[in-house]
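Let's take a walk through this fold, going from its covalent links to its strands and then to its nonpolar interior. Have the viewer open as you read.

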Amino acid sequence: MRERSSVGVVCALLVLVAALLTGCQVLKSGADKGDRPGATPKATTTQPSGYGAVFLAVDECSSFGSTSFTEVPCTSERAAARVVARYDGKVGDGPLCPATTDFVLHISRQSPSSDEDGDGSVPQGYACMRNLEPPHPGDPGGGGGPRTIVGDCVYGSGSGQVRETACDGSGKEKPQYEVVKAVAKRAQCPATTALYVQLNGAQPVGCARRV
């Protein structure tokens, strides 16, 4: 089997958790305006394929690299993460990755003239990745991942924002709040809620308590 490299063909760059999707969550306060629940994203149809048919299709695997990622068979000793969802378009415009996604790969558009097989273009898109082995920063309390979900912990990072950190205290910053519930409106949060955290999805309000 031959490996397919993203270098010069499809550039797959690690999307930094702090820079895209939900890296910084806006702190909610009593002075905020009314809540506006977000609509549930409609997932595009993604057909699983065998290794090599489509670059980083659902259920295919990648290796890790410092500047690029290479598609490898999932049985390879170099395989490090599996694609759990794959969407076309820009990350900010498309559906959310599954809740326990560990990281996201952004795939740049490729024209037919530069296609490896010369049989079609590769559209701009992104792949939601899950590590084959622990740690899983996307798990509740894991301290990372592209989404903040129930069970995650956050700390105040200044300027009215919070960032995720590991609930077990193993991160660089100690946890200050834990998201215990996701609701449509702040009024639905428990009375013990100490902080409202902006989430994505149909229930965009995270009810957080002090830890």
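What follows starts with the disulfides, moves on to the strand pairing, and ends in the cores.

Keep in mind that this is a predicted model. A disulfide is a covalent bond between the sulfur atoms of two cysteines. How many disulfides does this structure have? The count comes to 4. Number the bonded cysteines in sequence order and the pairing reads 1-2, 3-4, 5-6, 7-8. Three of these links get a closer look here.

Start with Cys 61 and Cys 74, whose sulfurs sit 2.0 Å apart in a disulfide. This link is right-handed, with 100 degrees about the S-S bond. Cys 61 belongs to strand β4 (residues 61-62), while Cys 74 is in the loop between β5 (70-72) and β6 (81-88), so the pair links distant parts of the chain, 13 residues apart. Are the two ends buried or exposed? Cys 61 is buried because its relative accessible area is 0%. Cys 74, at 29% relative accessibility, is partly exposed, since that value falls between the 20% and 50% cut-offs.

Right beside Cys 61, have a look at Ser 62, which is also placed in strand β4. Ser 62 has 0% relative accessibility, so this serine counts as buried. What does Ser 62 touch, once neighbours within four places in sequence are left aside? Its contacts include Phe 69, Thr 70, Glu 71 and Val 72, along with Arg 78, Ala 79, Ala 80 and Ala 81. Leu 56, Leu 105 and Met 129 are in contact with Ser 62 as well.

Several of those names come back in the largest nonpolar core. In soluble globular proteins, nonpolar side chains tend to be buried together. Here the largest such core has 10 residues: Phe 55, Leu 56, Phe 69, Ala 81, Val 83, Phe 103, Leu 105, Ile 107, Ala 127 and Met 129. At least two residues of this core come from each of β6, β7 (103-107) and β8 (125-131). Which strand gives the most to this core? That would be β7, with 3 residues. Another core, of 9 residues, lies apart from it, and has Val 154, Val 162, Leu 195 and Leu 199 among its members.

To see the strands around Val 154, jump to the next disulfide, which joins Cys 153 to Cys 167 with an S to S distance of 2.0 Å. The torsion about this S-S bond is about 105 degrees, so the disulfide is right-handed. Cys 153 lies in strand β9 (residues 153-158) and Cys 167 in the loop between β10 (161-165) and β11 (177-183), so the link ties together parts that are 14 residues apart in sequence. Cys 153 counts as buried because its relative accessibility is 3%, whereas Cys 167 is partly exposed at 27%.

Strand β9 has two pairing partners to follow. With β10, β9 runs antiparallel, and 5 bridges join them; Cys 153 stands opposite Thr 165 in β10. These two strands form a hairpin with 2 residues between them, and Ser 159 in the turn has a positive phi of about 55 degrees. With β11, β9 pairs in the antiparallel sense over 2 bridges, and the bridge partner of Val 154 there is Tyr 177.

Tyr 177 now leads onward, since this residue also stands opposite Arg 210 in β13. β11 and β13 run antiparallel and are joined by 6 bridges. β13 pairs with β12 too, again in the antiparallel sense, over 4 bridges. In that pairing Gln 198 stands opposite Val 205. β12 and β13 make a hairpin with 6 residues between the strands, where Gly 201 takes a positive phi near 100 degrees.

The last disulfide of the tour joins Cys 189 to Cys 207, S to S 2.0 Å. Which hand does this link have? The torsion about the S-S bond is about -80 degrees, so the disulfide is left-handed. Cys 189 lies in the loop between β11 and β12 (195-198) and Cys 207 in strand β13 (residues 205-210), so the pair ties together parts that are 18 residues apart in sequence. Both Cys 189 and Cys 207 are buried.

Notes: Residues numbered from 1 in each chain as written. Predicted model: local features only at pLDDT ≥ 70, side-chain atom pairs only at ≥ 80, totals over all residues. Heavy atoms only, no water. Disulfide = S-S within 2.5 Å. Buried < 20%, exposed > 50% of the residue type's maximum accessible area, 1.4 Å probe, protein only. Pairing = 2+ DSSP bridges. Core = buried A, V, L, I, M, F, W, Y, C linked by side-chain atoms within 4.5 Å. Contact = heavy atoms within 4.5 Å.
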